[in-house]
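Here's a quick walk through a helical model, written for someone who likes the cut-offs spelled out. Have the viewer open as you read.

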Amino acid sequence: MDSVVTFAPLIVLFFIWMSLSQKAHEAKRRQQTILKKLQRIEEHLGLNEVSLEEAALQVELVQLLHEGKTVEAVKRVRETLGSSLLEAKQYVDQLKSEQGL
């Protein structure tokens, strides 16, 4: 009986932690969805100015693409912009198309 009383607060804390962790994960997922929608709106309105970081990334990517390192270019997009694999591949493919590669 004493062991149940001893572990009861730990069990309650575990369930509270799990609930908060799940809510934080869901909030992060919603935030990412909102940011993607905002980016699409900016693109549609022509407000998507290229940042200095992204401009530097594009220079690096063009160099990698000229060297035939498409996979490395996709990896760099994912690391720098935090994109999913599909988004990074589409980004590189669009850049390839724009550069005529």
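What follows goes through the ground rules, the helices, a surface patch and the salt bridges.

## Ground rules

This is a predicted model, so local features need pLDDT of at least 70 and side-chain atom pairs count only at pLDDT 80 or more, while totals for chains, interfaces and linings use all residues. Residues are numbered from 1 along each chain as its sequence is written, and side-chain values use heavy atoms, with hydrogens and water left out.

Helices here are DSSP runs (H or I, at least four residues), numbered from the N terminus. Buried means under 20% relative accessible area, exposed means over 50%, and partly exposed is in between (1.4 Å probe, protein chains only).

## Helix α2

Helix α2 takes in residues 52-66, 15 in total. End to end, first C-alpha to last, α2 reaches 21 Å, close to the 21 Å expected at 1.5 Å a residue; that expected span is 1.5 Å times one less than the number of residues.

Which residues of α2 are buried? They are Leu57, Leu61, Val62, Leu64 and Leu65. These cover an arc of only 160° around the axis, which puts them on the same side of α2; the arc is that of the directions from the helix axis to the C-beta atoms. On the other side, Leu52, Val59 and His66 are exposed. The cover over the buried residues of α2 includes α3 (70-81) and α4 (85-99). Just after α2, glycine 68 takes a positive phi of about 80°.

## Helix α3 and the loop after it

Helix α3 has 12 residues, and its end C-alpha atoms are 16 Å apart, in agreement with the 16 Å it should span at 1.5 Å a residue. Ala73, Val74 and Val77 are buried in α3. They cover an arc of only 100° around the axis, so they sit on the same side of α3. What covers them includes α2 and α4.

Glycine 82 follows α3 with a positive phi, near 70°. Serine 83 lies in the loop between α3 and α4 and is buried, at 16% relative accessible area. Leaving out residues up to four places away in sequence, serine 83 touches Val77, Arg78 and Ala88 (contact means heavy atoms within 4.5 Å).

## A nonpolar patch

A nonpolar surface patch is formed by residues including Phe7, Phe14, Trp17, Met18 and Leu20, and the whole patch has about 1200 Å² of accessible area. Patch members have over 30% relative accessible area and no salt bridge; like charges are joined within 9 Å, and nonpolar side chains (Val, Leu, Ile, Met, Phe, Trp, Tyr) within 5 Å. Areas come from Shrake-Rupley with a 1.4 Å probe, and for residues only the protein chains shown count as cover. Leucine 20 belongs to helix α1 (residues 2-45) and is exposed at 54%.

## Salt bridges

How many salt bridges does a search of the whole structure find? There are 7, each one a side-chain nitrogen of Lys or Arg within 4 Å of a carboxyl oxygen of Asp or Glu.

In helix α1, glutamate 26 pairs with arginine 29 at 2.5 Å, N to O, and with arginine 30 at 3.8 Å. Arginine 29 is 3 residues from glutamate 26, about one turn of the helix, and arginine 30 is 4 residues from it, also about one turn. An α-helix has 3.6 residues a turn, so residues three or four places apart point the same way.

Over in α3, glutamate 79 and arginine 76 meet at 3.0 Å. They are 3 residues apart, about one helical turn. As for shared partners, salt bridges join Glu26, Arg29 and Arg30 into one network.

Conventions:
Helix = DSSP H or I, 4+ residues; strand = E, 2+ residues; numbered from the N terminus.
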